[in-house]
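Got a minute to go through this fold? Have a look at the structure, and then we'll ask what backs up each label.

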Amino acid sequence: MYFDILYEDNHLIVVNKKSGVLVQDDNTGDPSLLYLLKIYLKNTYNKKGNVFLGLVHRIDRPVSGIVIFAKTSKALRRLNQYLKFREIKKKYLAIVCGAVNKNSQKLENWILKKTKQNKSYVYIKKVDRSKKAILNYKVLHSYKNYTLLEIDLETGRHHQIRAQLAYIGFPIKGDLKYGAPRSNKNKAIDLHSKSIEFIHPTKKKCN
């Protein structure tokens with residue numbers, strides 16, 4: 001199974017994505033979460049023709065966790081507004097390489113995405129085409145060679161968590177792209193979208 005349904009009603013569907021699954025189609029031709037959910041909706045509700053399903057946000061292929069989809073155009077518009085004004089609160093769990101020496105920290109940087117490399121680069125000051133990136137982390141547990149972090153994500157930039165943590169010397173376990181010394185056997189990285197808090201499109205609060 002590529003996903004587990006956490007919540008569904010007439011307006012939206014929230015799922016827990018397995019690591020290794022694309023959120024939307026790319027040039028690999030592999031089935032995406034968006035495609036699979038459209039098939040689920042079509043078969044479950046005997047829908048005729050094309051199924052509307054709006055992608056609200058993304059998480060990277062090797063990352064697991066919560067993803068929101070809108071089942072109506074009205075819900076999609078409202079949720080996009082929430083994203084624009086940072087009204088969707090996201091928390092992640094990450095296992096990083098090394099012993100993090102600060103119990104908590106706020107990281108504020110500028111991130112530049114380089115599309116050809118599918119990689120983001122972190123800068124202390126703004127550079128051309130870069131975007132502000134902010135996250136807060138706290139240490140939950142320390143192991144011999146790794147540290148478990150909880151991350152409160154304030155902005156949603158390309159590879160933001162991966163790039164910012166690597167920049168301060170703590171790449172995510174298994175993340176070869178950003179400096180981890182070795183991959184995980186399942187090719188996933190140890191980053192999980194733990195929780196999302198937002199106002200339901202019909203104004204009912206959801207967690």
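Buried means under 20% relative accessible area, with exposed over 50% and partly exposed in between (1.4 Å probe, protein chains only). The model is predicted, so local features need pLDDT of at least 70, side-chain atom pairs count only at pLDDT 80 or more, and totals for chains, interfaces and linings use all residues. Residues are numbered from 1 along each chain, and side-chain values use heavy atoms, with hydrogens and water left out.

Q: Why is α3 called largely enclosed by the rest of the structure?
A: Six of its eight residues are buried, so the label fits. Those are Gln 160, Ile 161, Arg 162, Ala 163, Gln 164 and Leu 165. The cover over them includes β5, β7, β9 and β10. As for the names, helices (H or I, at least four residues) and strands (E, at least two) are DSSP runs, numbered from the N terminus.

Q: What makes the largest nonpolar core a core?
A: A nonpolar core is a set of buried Ala, Val, Leu, Ile, Met, Phe, Trp, Tyr and Cys residues joined through side-chain atoms within 4.5 Å. This one has 33 residues, and Phe 69, Ile 151, Ile 161 and Leu 165 have the most contacts inside it. Its largest share, five residues, comes from α1.

Q: How do you know that β5 and β10 pair?
A: Two strands pair if DSSP finds at least two bridges between them. β5 and β10 have six, in the antiparallel sense, and Lys 90 stands opposite Ile 196 in β10. β4 and β10 run parallel, joined by two bridges.

How values were computed: Contact means heavy atoms within 4.5 Å.
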